[in-house]
Amino acid sequence: MALQKINPEQISGNPFEAIGKQWFLLTAGSAESGWNCMTCSWGALGVLWNKPSVTCYVRHSRHTFGFMEQQDMFTLSFLGSDCRKALSFCGSHSGRDCDKAAEAGLHPVETDGGITFDEAELVLVCKKRYAADMNIADLPADAAAAFYADNDTHRLYIGEIVACYQKAE
Ligand SMILES: Cc1cc2nc3c(=O)[nH]c(=O)nc-3n(C[C@H](O)[C@H](O)[C@H](O)COP(=O)(O)O)c2cc1C
C-alpha cells in the first residue's frame, strides 16, 4: 500500500462523488479474528463528539453485519477507477458463499488493526463508537416504502477515524 499517512482534514475529493458515485469497500474485522468486505454507496464523513468520524449503514442480512457487530475495527477503502468490476462483484456476492476478495482480484493488507486493499487510493481506518438500528416506524413514509418493505433494516455505525491514508497526487 504505497499511500501517504495524512490527517482527515487533508482528504481531497468530493464526498458525494467518492461515496455515492465511486463507492467504497467497507471491511469489518481483523486478520486475527476474521473479516469480510462489501461495497457501499451510502455513508457520511464529518465530525462527531469533536472527533473525525464516519457513518455507514449495513443491513442485518449482510454477512458483513456479524463482523461489524463482533469487532471494533472497520475500514473504508476507496479504490481506483480500474476496480469498478471488483466493487460490483463485492456488492453482489456474499462472503458467506465465496472468498470475495480473491475472486474479485483484490489484495488484502493489514493496517492499524484493520484490513484494507493494495488497490485502495484512500483508506479510512475506523474504531466503532456507536451503533443503532433504524426504526422503520420512525422513518419518512417514502423511505420506508422504497427501502424497507421487507423489514431488512439498516444498522448505522459511527466510527472514529483513527488513521487515514491517501495516494499522493
Ligand atoms: C453500489 C452498491 C452499493 C451498496 N451499498 C450498500 C450499503 O450502503 N449498505 C448495505 O447494507 N448494502 C449495500 N450494498 C449491498 C451489499 O454490498 C451486498 O449485499 C453484498 O453482497 C453484501 O455482502 P456480504 O453478504 O458479504 O456482507 C451495496 C451494493 C452495491 C452494488
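Let's start at the ligand: strand β3, strand β5 and helix α2 each supply at least two residues of the shell around it. The biggest giver is β3, with four residues in that shell. In all, 19 residues surround the ligand, and the closest are H63, T64, G91, S94 and G95. Keep in mind that what you're looking at is a predicted model.

Now step back to the whole protein. It has five helices and ten strands. Its radius of gyration is 15 Å, close to the 15 Å that the globule rule gives for 169 residues, so the protein is as compact as a globular protein of that length. Taken along the principal axes, the box filled by the C-alpha atoms is roughly 45 × 40 × 30 Å. Of the 169 residues, 34% count as buried. And if you look at contacts between residues at least 6 apart in sequence, 71% of them join residues at least 24 apart.

Back to helix α2, one of the contributors to the ligand shell. The helix covers residues 63-70, and T64, F67 and M68 are buried in it. Seen down the axis of α2, these buried residues fall within an arc of 100°, so they line one face of the helix. What lies over them? The cover includes strands β2 (24-30), β3 (34-40), β5 (51-59), β6 (73-79) and β10 (154-166). T64 also turns up among the residues closest to the ligand.

What about the nonpolar interior? The largest nonpolar core has 39 residues, and those with the most contacts inside it are F24, L25, L26, L79 and L124. Strand β9 (residues 120-133) provides the largest share of this core, six residues. As a general point, nonpolar side chains tend to be buried together in soluble globular proteins. L79 makes a good place to zoom in: leaving out residues up to four places away in sequence, L79 touches L25, A86, L87, F117, E119, A120 and E121.

Next, the hairpin. Strand β4 (residues 43-48) runs antiparallel to β5, and six bridges join the two. Along this pairing, G43 stands opposite C56 in β5. Two residues sit between the strands of the hairpin, and W49 in the turn has a positive phi of about 50°. N50 is also in the loop between β4 and β5, and its phi is positive too, near 65°, in a residue other than glycine.

Further along the chain, N151 lies in the loop between α5 and β10. N151 isn't a glycine either, yet its phi is positive, about 65°.

Is N50 buried or exposed? N50 counts as exposed, with 6 C-beta neighbours inside 10 Å. Here are N50 and two other residues side by side:

| Residue | C-beta neighbours inside 10 Å | Status |
|---|---|---|
| N50 | 6 neighbours | exposed |
| D142 | 8 neighbours | exposed |
| N151 | 8 neighbours | exposed |

D142 belongs to helix α5 (residues 141-147). How far is D142 from F78, 64 residues apart along the chain? The C-alpha atoms of D142 and F78 are separated by 30 Å.

How values were computed:
Residues numbered from 1 in each chain as written. Predicted model: local features only at pLDDT ≥ 70, side-chain atom pairs only at ≥ 80, totals over all residues. Rg over C-alpha atoms; globule rule 2.2 N^0.38 Å. Buried ≥ 20, exposed ≤ 12 C-beta atoms within 10 Å, placed from the backbone. Contact = placed C-beta atoms within 7 Å. Arc of directions from axis to C-beta. Pairing = 2+ DSSP bridges. Core = buried A, V, L, I, M, F, W, Y, C linked by C-beta atoms within 7 Å. Near = placed C-beta within 6 Å.
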